[in-house]
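Student: I would like to take a close look at one part of this protein, the sixth helix in the order of the chain. Could you describe that part carefully and then place it within the rest of the chain?

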Amino acid sequence: MNNAFALPIPSGHGSLEQYIHTVNSIPLLTAEEEHSLAVRQLQGDLEAAKKLILSHLRVVVSIARGYDGYGLNQADLIQEGNIGLMKAVKRYEPNRGARLFSFAVHWIKAEIHEFILRNWRMVRVATTKPQRKLFFNLRSMRKSMNALSPEEAQTIADDLGVKMDEVLEMEQRMTGKDIALLPDNSDREEDSYAPIDWLADTRNEPTQQIAQKARYAMQTEGLQNALAQLDERSRCILESRWLQDGGGLTLHELAAEYGVSAERIRQIEAKAIQKLRGFMSEE
C-alpha cells in the first residue's frame, strides 16, 4: 500500500518537530467521511486509503511518545507505528461499527513493541508472550518508584502469568542505573575510594595491544569479506543502516531511496544479516 503514494516521513532529530507539526495540521475525519473512505478503500481505492492513513498519523505520534523511556529514536518508533497504521487501514472493516482509531491502536502498538524488542538489547529476556506483557506493563503497575516488595512483585507476577523471579529480574533491568567511576571531589576524603580506584588499565601493556590489534584486523577483514559476498542492494542497505559514522539511515529513508516499502527494506536487512552470520561463521 505504501508504495503507491508518499507519506510525510520523520527522517531525523532535526525534522521531527516539523513532521509532528505537519501531521497535526491534517484535518480529522468525521464518522461519515471515515466510513465512506473505508468502503472505497476496500474496493481498491488507493486515494481513499491515503486519506485514512494521513488523518490518523497524529495517533501514531501520540502512541509513539508513550515509549520515550526505552532509549530508541523517536522517528524510528513513529515509522514503525506508521507501518502498523497502514496494516490496520488495509484490514479495517467499517461495517463492524468500530472507528478506525480504536481498531488501529492494536496494530500500531504491535509494530512498536516488536521494534523495541528487536532493538533494545537489555530486554532480550522478553521472549515469551507473558514476558513481553510484563516488559510493557511493569512501569504502569508499580505503585511507587521504590523497589518492589516481595508481596507487590508476587501480585504483578500473578496478574501477568509470570514467575516472581522474572518480575524482579525485569525490574532490575529496567531500573538499573549507571555507577559513577569517578568520585565526587567536592567531599572526597583521603581514605575514601571510588570504583575507579579498583580498575587496572591494561590497554598500554604491549602484549595486550598486539592481541587487540590482531583481533580487530581479523574482525574487520572478516566483516568486509562477508559484506563482499552480499548482493549490491543488501550490502548498501546494511552499510547505510549500521556502518555509517554519526548514525545510519532510517527504514523509511532507505525505502524512499529504493522505491519500496519500509517493510521490504526490513526484510532485506534481516535476510542480509542472517547471510552475514553464515559467511562469518564459515571463516
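**Helix H6 and its surroundings**

Tutor: Leu-117 is located in helix H6, which covers residues 100–119. Please keep in mind that the model is predicted. With a relative accessibility of 8%, Leu-117 counts as buried, because the limit for a buried residue is a relative accessible area under 20%. Along the chain, Leu-117 and Phe-135 are 18 residues apart, and their C-alpha atoms are separated by 9.4 Å.

His-113 also has its place in helix H6. In sequence, His-113 and Gly-81 are 32 residues apart, while in space their C-alpha atoms are 9.2 Å apart. If residues up to four places away in sequence are set aside, His-113 touches Tyr-67 and Phe-136.

From here we may turn to helix H5, which spans residues 74–91 and contains Asp-76. How exposed or buried is Asp-76? This residue counts as buried, because its relative accessibility is 14% and the cut-off for burial is under 20%. The contacts of Asp-76 include Phe-115 and Thr-250, again leaving out residues up to four places away in sequence.

The charged residues form a further topic. Glu-80, Lys-87, Glu-111, Glu-263 and Arg-266 are linked in a network of salt bridges. Within this network, let us consider the pair Arg-266 and Glu-263. The closest N and O atoms of their salt bridge are 2.3 Å apart. This distance qualifies as a salt bridge because the nitrogen and the carboxyl oxygen need only lie within 4 Å. Both partners belong to helix H13, residues 262–282, where they are three residues apart, about one turn of the helix. Their accessibilities can be set side by side: Arg-266 is buried, having a relative accessible area of 12%, whereas Glu-263 counts as partly exposed at 25% relative accessibility.

Helix H13 also takes part in a positive surface patch, which is made up of Arg-233, Arg-264, Lys-271 and Lys-275. Three residues, the largest share of that patch, come from H13. One residue of the patch, Lys-275, has its place in helix H13 and counts as partly exposed at 39% relative accessibility.

How many salt bridges does the structure hold? There are seven, and two further examples may be described. Arg-40 forms a salt bridge with Asp-45, with 3.0 Å between the closest N and O atoms. Arg-40 counts as partly exposed at 30% relative accessibility, and Asp-45 likewise counts as partly exposed, at 25%. Glu-93 is joined by a salt bridge to Arg-96, where the closest N and O atoms are 2.9 Å apart. In this pair, Glu-93 counts as partly exposed at 39% relative accessibility, but Arg-96 counts as exposed at 68%, because the exposed class begins over 50%.

Another charged residue, Glu-47, lies in helix H3, residues 46–54. At 41% relative accessibility, Glu-47 counts as partly exposed. Glu-47 and Leu-37 are 10 residues apart in sequence, and the distance in space from C-alpha to C-alpha is 8.8 Å.

Finally, we may place these details within the whole chain. The protein chain has 13 helices and zero strands, so read from the N terminus its elements run α-α-α-α-α-α-α-α-α-α-α-α-α. Of its 283 residues, 35% are buried, and Leu-117 of helix H6 counts as buried at 8% relative accessibility. The accessible surface of the chain comes to about 17,600 Å², and carbon and sulfur atoms account for 51% of that area. Among contacts with a separation of 6 or more, 60% are between residues 24 or more positions apart.

Conventions. Residues are numbered from 1 along each chain as its sequence is written. This is a predicted model: local features need pLDDT of at least 70, side-chain atom pairs count only at pLDDT 80 or more; totals for chains, interfaces and linings use all residues. Side-chain values use heavy atoms; hydrogens and water are left out. A salt bridge is a side-chain nitrogen of Lys or Arg within 4 Å of a carboxyl oxygen of Asp or Glu. Buried means under 20% relative accessible area, exposed over 50%, partly exposed in between (1.4 Å probe, protein chains only). Helices (H or I, at least four residues) and strands (E, at least two) are DSSP runs, numbered from the N terminus. Patches are made of residues with over 30% relative accessible area and no salt bridge: like charges are joined within 9 Å, nonpolar side chains (Val, Leu, Ile, Met, Phe, Trp, Tyr) within 5 Å. Accessible areas come from the Shrake-Rupley method with a 1.4 Å probe; for residues, only the protein chains shown count as cover. Lys and Arg count as positive and Asp and Glu as negative; His and the chain ends are not counted. The place of a charge is taken as NZ of Lys, CZ of Arg, CG of Asp or CD of Glu. Contact means heavy atoms within 4.5 Å.
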